[in-house]
Every structure is written in structure tokens, then in C-alpha cells.
Amino acid sequence: MGELLPPLQLIGCGKMGGAMLDGWLKEGLAPSFIVDRHRDSVPPPHQLVRSLDAVPASFRPGMIVLATKPQKVDAVLPALAPFAAHAPVLSVLAGRTVESLSAALNACLPAGSPPPAVIRAMPNTPSAIGQGMTVCYAPPPATPADRRLCARLMSAVGEVAWIEHEDQMDMVTAISGSGPAYVFLLAELLEQVGIDRGLPAPLARQIARQTVAGSGALMQASGLDAATLRQNVTSPGGTTQQALAVLMAPDAWPATLDAALAAAARRARELSGPQPVS
């Protein structure tokens with residue numbers, strides 16, 4: 001095990017917060033405070049507390065990680081602000097812009113305080129098994145050191161990429177944030193069609209799930225692009241080509257997936273609230 005991750009202050013330890021914490025514990029984490037009302041325990045030397053009021057004012061985290069439900073975060077910001085005056089904030093709150101969160105935090109700080117450093121990240125649920133995809137956005141006053149620490153933290157649960165324009169986060173949310181649901185839907189539909197067409201239900205489930213899981217693993221291991229892998233499966237005039245002729249018709253998957261992602265991105269913008277006028 002290499003150098004420990006610095007002490008963290010994790011606010012919210014539900015599914016995503018818990019997945020990240022599991023990854024950090026495997027990586028090696030300096031004694032940290034986890035603030036959560038529902039979790040039963042954390043391994044020592046880390047401390048589980050029910051509210052920020054129970055965190056010593058002298059505690060200096062290397063980074064604060066906000067993983068609460070988005071609608072509940074404003075209630076904790078007044079107690080969080082004194083810590084944010086000394087540490088960068090990493091937010092995994094869906095739909096909450098850096099500008100909005102920074103302004104809300106800044107309003108809780110004494111007048112004249114420097115603006116808090118806020119980084120926004122969008123992980124997805126495969127983070128729970130260390131196979132996540134996280135996209136991050138870190139405008140000033142976040143520093144290169146803040147970005148490096150964020151990348152190290154999120155690399156503990158999967159791959160990390162960066163964007164330089166926050167408005168791209170809406171499409172990121174549509175593709176990778178919501179994307180696992182689309183893959184699960186594909187497995188669900190393959191299973192159901194198999195049953196409807198006469199396969200025993202256990203067999204339909206087994207082959208649908210393993211086909212989706214195995215295909216993802218092959219794509220990851222091969223390094224080939226998805227189009228090449230698709231072509232490798234498709235023999236001219238064969239069964240796959242017949243199915244793809246239906247799926248790839250202009251009014252089939254190309255159109256419906258584009259419309260689906262556009263709807264998800266539109267909803268992400270709505271959840272972010274009013275956009276700044278540039």
C-alpha cells in the first residue's frame with residue numbers, strides 16, 4: 001500500500017458515498033470523519049458521527065466530500081462552511097452547479113472570506129465495484145493540487161475524466177450517470193424477449209445477463225472501439241446482420257437513443273436550476 005489518502009470529511013454515506021468510502025479504505029485513508037444519520041459503523045480509526053456539530057472544529061480535512069441527497073445539502077452548509085474555509089469541496093450532488101454551491105457556501109462564511117474551492121464530479125453506480133466512470137469539473141479557485149487529489153480519490157472507484165465547461169455535465173449525466181440503467185434495460189429486454197419466444201425463464205436470464213456482462217468485459221479488455229467489436233460479431237448475411245438491420249434503421253436505435261439522451265440532459269439542466277447568462 002502506498003501513501004495514505006489525506007483525512008476526509010465525507011458528508012453522506014449512502015449508496016454512492018458508501019461506494020466511494022469502500023474504495024478509499026482499500027486505497028488507505030488517514031483518519032477521517034464520516035457524517036451520516038443511517039450508517040451503522042465505520043472501521044477505526046475513522047469516526048462516524050450523526051451531524052457536523054460532532055466534528056471537532058480543529059479538524060482539518062484534506063478534502064470535504066458532499067454526497068448527501070441534493071435537496072438536503074443546503075441545510076448542512078452553515079455547519080460545513082467553517083471547514084470549507086480551509087479545504088476544497090468535492091460535490092457529487094446530481095444537478096447542483098459549482099456556481100450555485102459556491103455561492104451558497106460563500107454566503108455562510110464571514111464577509112471578506114476567500115471564495116471556497118468547489119469541484120463537481122459525476123460518478124456512476126459501477127463505482128460500487130471499482131468499475132465506475134467519473135467526470136469532473138474544477139474551475140478556479142480550485143488548484144492543480146485540488147484536481148490531483150480529486151483524481152486520486154475518484155480513481156479509487158474507477159476511471160476519471162475532466163471537462164473544462166460545466167454545461168457539458170448535462171450530457172455526461174445523460175450518458176454515464178444514467179447509462180447503467182440503459183444497459184440494465186437491454187439485459188431486461190433480452191431476457192423478456194427470450195421468455196416470450198419460448199426459452200425457459202432461468203435460461204433467458206442467464207444468457208441475457210452474461211451476454212451483456214461479457215460484452216462489456218470484452219470491450220474493456222480488448223481496447224477496440226465499439227464499432228469494430230460490433231463488426232467483428234457481424235457476418236455478412238448472417239443472423240446478427242439481420243437483427244442490426246432492424247436496430248440500426250434511422251428511426252430505431254439511432255433516433256430513439258438520441259431522443260432519450262436529449263431528454264435526460266434536458267432534465268439535468270432543469271434540476272440545475274436557472275442558468276447564468278453569459
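**Group meeting: two helix pairs and two cis bonds**

So, α5 and α10 are oblique to each other, because their axes cross at roughly 130 degrees and angles over 115 and up to 145 fall in the oblique class. Before I go on, keep in mind that what you have on screen is a predicted model.

Okay, let me stay with that pair. Helix α5 is residues 169-177, helix α10 is residues 253-272, and their axes come within 8 Å. The crossing of these two is right-handed. Who is touching whom? On the α5 side we have D170, M171, T173, A174 and I175, and on the α10 side L261, A264, A265, A268, R269 and S272. If you sort the residues of that contact by type, you get 7 nonpolar, 2 polar and 2 charged.

Now, where are we on the annotation map? UniProt, in an unreviewed entry, puts "domain: Pyrroline-5-carboxylate reductase dimerisation" at residues 166-271. In the model, residues 166-271 come out as 80% helix and 0% strand. The C-alpha atoms at the two ends of that stretch are 14 Å apart.

Next, the other annotated stretch. Again from an unreviewed UniProt entry, residues 9-95 carry the label "domain: Pyrroline-5-carboxylate reductase catalytic N-terminal". Here the chain is 29% helix and 18% strand, with the end C-alpha atoms 21 Å apart.

On to the second helix pair, α2 and α3. That's residues 73-84 for α2 and residues 98-106 for α3, and the axes come within 8 Å here too. How are α2 and α3 oriented to each other? They cross at roughly 75 degrees, so α2 and α3 are roughly perpendicular. From α2, the contact uses D74, L77, L80, A81 and A84; from α3, it uses L101, A104 and L105. By type, that contact has 7 nonpolar residues, no polar ones and 1 charged.

Last item, and one to check if you're setting up torsions: the cis peptide bonds. Which bond is cis around P44? That would be the one from P44 to P45, with omega near 10 degrees. P45 sits in the loop between β2 (33-35) and β3 (47-49). Then further along, the peptide bond from P140 to P141 is also cis, and omega is near 10 degrees there. For P141, the location is the loop between β7 (132-137) and α4 (144-155).

To recap the helix pairs: α5 with α10 is oblique, and α2 with α3 is roughly perpendicular. Okay, over to you for questions.

Definitions and conventions: Residues numbered from 1 in each chain as written. Predicted model: local features only at pLDDT ≥ 70, side-chain atom pairs only at ≥ 80, totals over all residues. Heavy atoms only, no water. Axes fitted to C-alpha atoms, helices over the stretch in contact; angles between N-to-C directions. Helix = DSSP H or I, 4+ residues; strand = E, 2+ residues; numbered from the N terminus. Parallel < 35°, antiparallel > 145°, perpendicular 65-115°, else oblique. Contact = heavy atoms within 4.5 Å. Nonpolar A, V, L, I, M, F, W, Y, C, P; charged D, E, K, R; others polar. UniProt positions renumbered as here; feature names shortened; annotations may be inferred. Left-handed = near helix turned anticlockwise from the far one by under 90°.
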